[in-house]
Amino acid sequence: MAALAAARTAYEAGDFIAALTHLSGLIDGSEDQDTLLLLAETFDKLGLTADAAEIASRAAESDDPSPQVLKRAVELHDKIGDEARIQLYGMRLFEKAPDDADNAALLAASFLRGGEDAFARLLRAPLAESERPDHVMIAGTLYNDEERDPAALTVFRKIAALHPDDPFAQLKLLAVARNFCDYALIETVEEKLKPALRAREAAVFEGETGYSNLLWCADEAVNRLATNNPCSRPMPSPASIAARRTRPHAWTARLRVGYLSSDLWDDHATMRLLQSVLEQHDLGRVEPVLYCYTPERFVGFDAGGRDRWGKIVPIGTMSDAEAAETIRRDGIDILVDLKGFTGGSRSGILNYGPAPVQVAWLGFPGSTVGVDLDYVIGDPIVLPPSSQPHYHEQICRLPESYQPNDPVHRVLPPATPRDDLGLPADRFVFASFNTQRKISLQTLETWAEILRGAPRSVLWVMIDGALARENVLAALERRGVAAERIHFAPKCDYATHIARLQAADLGLDTAPYNGHTTTSDKLWAGLPVITQKGSNFASRVSESLLTAIGLPDLVLPNRQALVARAIALAEDPAAIARTKTRLAENRFRAPLFDAERFCRHLEQAFETMAARAKAKKPPTPFTVQALPARDRAFR
């Protein structure tokens with residue numbers, strides 16, 4: 001003990017050689033943690049970090065090592081980059097001290113370096129509570145894709161405060177705030193961004209994803225500036241794009257059309273729209289091939305429809321370059337990306353130039369900036385000629401609506417009674433089931449004005465999570481709407497959802513990002529939807545769908561007109577009944593749910609694209625000619 005005390009005195013005096021001399025007689029075979037720890041610290045001070053780490057390992061391997069010993073073992077092995085021992089001792093310390101943010105930071109960073117993100121995420125809670133900037137930044141990595149844990153809001157608020165002038169930090173905070181309906185924070189950040197929005201500052205909006213930008217901005221020129229989108233390969237040069245379009249290609253009598261997606265299972269929203277169109281392909285004209293990178297857990301949920309859609313080629317384990325080479329080797333004529341800038345997308349495959357014609361459709365309502373695409377498929381409403389300057393893709397317009405809809409596999413169960421849903425029988429029920437991040441400040445103001453003007457109405461809305469629900473209630477109460485007028489709907493399976501939709505009187509759309517599948521689901525269920533005209537693709541979708549179902553009168557020119565019409569309908573049950581009758585009559589007559597008709601138009605579009613490619617002509621905008629109107633129901 002005297003030697004140990006002398007060694008510690010020398011160490012504290014900075015005489016590390018003397019400390020080592022005192023310790024040298026104590027260490028042979030010693031398992032004393034205090035002795036080994038002091039020796040490790042002395043070696044470290046002398047610059048012998050590897051030796052220090054080895055001694056710290058001896059201390060950490062002793063019986064019941066203290067948190068202090070384990071912590072120094074982690075820190076010293078971090079200095080020399082020994083990932084295995086960082087993780088070994090870090091996990092032992094985590095068991096003893098789960099709130100130690102320093103250890104969590106070192107351990108999480110080690111897991112991240114090794115690509116073990118799932119293990120790293122187990123350590124994120126203490127980092128979210130820490131105020132140290134380095135801890136907060138690691139927490140940002142671990143909460144980056146989190147949509148349900150309110151700690152994400154805490155983390156990105158801290159990051160934005162650390163980097164007040166960084167657009168990436170501010171726009172990420174805005175995106176996270178939308179997930180939790182934090183309208184006070186949304187308003188603060190949007191107000192701060194208004195000058196950049198007016199000036200269309202590219203340097204600011206390069207920090208935002210294309211999807212997030214569409215949630216609050218309907219300016220097509222700004223939408224194109226939101227370039228913080230994942231793509232594994234840079235956009236090819238104009239010369240490379242021209243070479244792809246003109247290289248030798250073996251065209252056959254049938255068009256080989258490849259569909260690229262991670263959503264190829266029947267309960268995904270995309271396939272609730274698309275699967276009947278795939279089944280309707282004229283196999284004498286088109287050979288459909290599906291390039292699938294759907295996660296296996298979702299493939300397992302499929303009820304058995306995948307074998308009806310065409311040949312399926314799994315590419316989930318391939319790199320982008322390998323997938324592109326597979327598509328090229330298969331001789332695909334037209335490759336259709338169904339994802340764009342949505343979750344899990346691998347649009348970067350197209351930047352390897354796998355097909356002579358490359359097309360964006362359905363997944364993303366905007367230009368897929370930075371991806372090599374010849375065409376984007378829209379319609380005259382969502383993509384009028386005024387949109388073309390904001391797209392590098394040439395616009396192909398289908399004649400009725402760009403969105404397919406399945407009338408065969410979509411269930412249509414009987415209506416659920418209001419009593420079973422907790423809805424008042426004597427009130428007019430407005431409904432919105434769009435994802436909560438689409439409920440913009442503009443939408444919230446519109447809803448509040450409608451509810452104030454229609455005092456015998458309630459709003460039925462799907463909001464997920466206690467914090468988001470509290471925030472919505474508080475925001476509406478500040479706008480004069482009492483909490484008892486808001487009814488929350490839980491998530492549920494699709495059949496239950498279609499049944500419950502029929503209990504509402506009128507669907508309210510969101511703006512500037514409309515309902516897409518959610519709007520068509522309401523129309524399928526017989527629930528009319530009211531919307532207003534928009535100024536970009538995402539804000540015009542409901543107009544396109546309502547027009548294709550024969551209800552263009554529910555598209556209002558502006559917000560004031562929409563509010564007035566919604567209030568008037570809430571006071572006119574007979575008008576709502578007539579509208580619902582008209583919607584039911586049109587379900588199997590109007591083009592919206594006519595998958596066979598849609599497929600013929602789509603095939604005509606593909607043939608036009610292919611004809612130009614065969615003639616070595618560059619892509620150009622065009623509109624598909626509509627088939628003659630049906631004179632009877634298609635189903």
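Aspartate 426 and arginine 427 bring their side chains together in a salt bridge, at 3.2 Å from N to O. Arginine 427 is partly exposed, with a relative accessibility of 28%. Keep in mind that this is a predicted model, so the distances here are computed from its atoms.

**Salt bridges**

That pair has plenty of company: the structure holds 50 salt bridges. Some of them are joined up, as in the network that links Arg285, Asp594, Glu596, Arg600, Glu603, Glu607 and Arg630.

Two others are worth a look toward the start of the chain. In one, arginine 85 pairs with glutamate 54, and their closest N and O atoms are 3.2 Å apart. Arginine 85 sits in helix 6 (residues 83-96) and glutamate 54 in helix 4, so this pair ties together parts that are 31 residues apart in sequence. In the other, lysine 96 pairs with aspartate 64, with 2.9 Å between the closest N and O atoms. Lysine 96 also belongs to helix 6, while aspartate 64 is in the loop between helix 4 and helix 5 (67-80), so here the parts tied together are 32 residues apart in sequence.

How covered are the residues in these two pairs? The table has the values.

| Residue | Relative accessible area | Class |
|---|---|---|
| Arginine 85 | 26% | partly exposed |
| Glutamate 54 | 43% | partly exposed |
| Lysine 96 | 40% | partly exposed |
| Aspartate 64 | 61% | exposed |

**Tyrosine 89**

Helix 6 is also the place of tyrosine 89. Is this residue buried or exposed? Tyrosine 89 counts as buried, because its relative accessibility is 1%, and the cut-off for buried is under 20%. Leaving aside residues up to four places away in sequence, tyrosine 89 touches Ser57, Ala60, Glu61, Leu70, Ala73, Val74 and His77. Take leucine 70 from that list: its C-alpha is 5.8 Å from that of tyrosine 89, although the two are 19 residues apart in sequence.

**A nonpolar patch**

For something on the surface, look at Ile17, Leu46 and Leu48, which make a nonpolar patch of about 240 Å². Leucine 46 is in the loop between helix 3 (33-45) and helix 4 (49-60). With 31% relative accessibility, leucine 46 is classed as partly exposed.

**The six-stranded sheet**

Further along the chain there's an open sheet of six strands, paired in parallel and ordered 10-9-8-11-12-13. Strand 10 (486-488) and strand 13 (555-556) are at the edges with a single partner strand each, so one side of each has no neighbour in the sheet. In general, strands of a sheet pair through backbone hydrogen bonds, either parallel or antiparallel.

What joins strand 12 to strand 13? Two bridges do, and strand 12 (residues 529-532) runs parallel to strand 13. Glutamine 532 has leucine 556 of strand 13 as its bridge partner. Helix 27 (residues 559-570) packs on this sheet, where it touches strand 8 (428-432), strand 11 (506-508), strand 12 and strand 13. The direction of helix 27 makes about 160° with that of strand 12.

**Backbone oddities**

Most residues other than glycine have a negative phi, and most peptide bonds are trans. A few spots in this model go the other way.

Start with the peptide bond between alanine 511 and proline 512: this bond is cis, with omega about 5°. Proline 512 lies in the loop between strand 11 and helix 25 (517-525).

Then there are two positive phi values in residues other than glycine. Cysteine 181 has a phi near 55° and is found in the loop between helix 12 (167-179) and helix 13 (183-199). Cysteine 181 is buried, at 1% relative accessible area. Lysine 616 has a phi near 60°, and its place is in the loop between helix 29 (595-614) and strand 14 (622-623). Lysine 616 counts as partly exposed, with 43% relative accessibility.

Conventions:
Residues are numbered from 1 along each chain as its sequence is written. This is a predicted model: local features need pLDDT of at least 70, side-chain atom pairs count only at pLDDT 80 or more; totals for chains, interfaces and linings use all residues. Side-chain values use heavy atoms; hydrogens and water are left out. Patches are made of residues with over 30% relative accessible area and no salt bridge: like charges are joined within 9 Å, nonpolar side chains (Val, Leu, Ile, Met, Phe, Trp, Tyr) within 5 Å. Accessible areas come from the Shrake-Rupley method with a 1.4 Å probe; for residues, only the protein chains shown count as cover. A salt bridge is a side-chain nitrogen of Lys or Arg within 4 Å of a carboxyl oxygen of Asp or Glu. Helices (H or I, at least four residues) and strands (E, at least two) are DSSP runs, numbered from the N terminus. Buried means under 20% relative accessible area, exposed over 50%, partly exposed in between (1.4 Å probe, protein chains only). Two strands pair if DSSP finds at least two bridges between them. Contact means heavy atoms within 4.5 Å. Axes are lines fitted to C-alpha atoms, for helices over the stretch in contact, and angles run from 0 to 180 degrees between N-to-C directions.
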